[in-house]
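Let's take a quick tour of this one. Have the sequence and the model open side by side as you read.

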Amino acid sequence: MSRDFDEKRDFIRMLLDVPLHCKDPGTGETLTGQAHDLSSKGVAFVLDRAYEPGKRLEVRIRPEKSVVPPLHARVEVVRVEPDVSGRSFRIGARILEYL
């Protein structure tokens, strides 16, 4: 069984649709968004605010069901795109450290 191009990564991404809490350690600002996928090296999520690539944040995922274990990590933003709604932003981040 071959994988398509998007799945030829070191770690396969797990699709999610769970709440994500994001904190800017520099300002203390905390936002709630939606996590969309996760791998051992990265996470993609949607927020109502954009962050510049290189920005370091803390993220927490506490799923309601035990399908995915809780996650608390320090991440670095690597990609930001407007969401299809035009009111929020899809953010791709590299996991730097699990907390």
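Over the ring of which residue does the charged end of Arg49 sit?

## A charge over a ring

That would be Tyr51: the charged end of Arg49 sits over the Tyr51 ring, 4.2 Å from the ring centre. Bear in mind that this is a predicted model. As for ring-to-ring partners, don't go hunting, since the count of aromatic pairs in the structure is zero.

## The overall fold

There's no helix to look for here: the protein has zero helices and six strands. Walk along the sequence and you get β-β-β-β-β-β.

The chain has 99 residues, and 36% of them are buried. Take the contacts between residues at least 6 apart in sequence, and 47% of those link residues at least 24 apart. On the outside, the accessible surface is about 6600 Å², with carbon and sulfur atoms accounting for 51%.

## A closer look at Glu76

Now zoom in on strand 5, which spans residues 71–82 and includes Glu76. Is Glu76 buried or exposed? Its relative accessible area is 15%, and anything under 20% counts as buried, so Glu76 is buried.

Who keeps Glu76 company? Setting aside neighbours within four places in sequence, Glu76 touches Gly54, Lys55 and Arg56, along with Gly92, Ala93, Arg94 and Leu96. With Arg94 there's also a polar contact, side chain to side chain, at 2.3 Å.

How values were computed:
Residues are numbered from 1 along each chain as its sequence is written. This is a predicted model: local features need pLDDT of at least 70, side-chain atom pairs count only at pLDDT 80 or more; totals for chains, interfaces and linings use all residues. Side-chain values use heavy atoms; hydrogens and water are left out. Helices (H or I, at least four residues) and strands (E, at least two) are DSSP runs, numbered from the N terminus. Buried means under 20% relative accessible area, exposed over 50%, partly exposed in between (1.4 Å probe, protein chains only). Contact means heavy atoms within 4.5 Å. Accessible areas come from the Shrake-Rupley method with a 1.4 Å probe; for residues, only the protein chains shown count as cover. A polar contact is a pair of N or O atoms within 3.5 Å; within protein, one must be able to donate a hydrogen and the other to accept it, and residues adjacent in sequence count only if both atoms are side-chain atoms. Rings of Phe, Tyr and Trp (its six-membered ring) pair if their centres lie within 6.5 Å; planes under 30 degrees apart count as stacked, over 60 as edge-to-face and the rest as tilted. A charge sits over a ring if NZ of Lys or CZ of Arg is within 6 Å of the ring centre and within 35 degrees of the ring normal.
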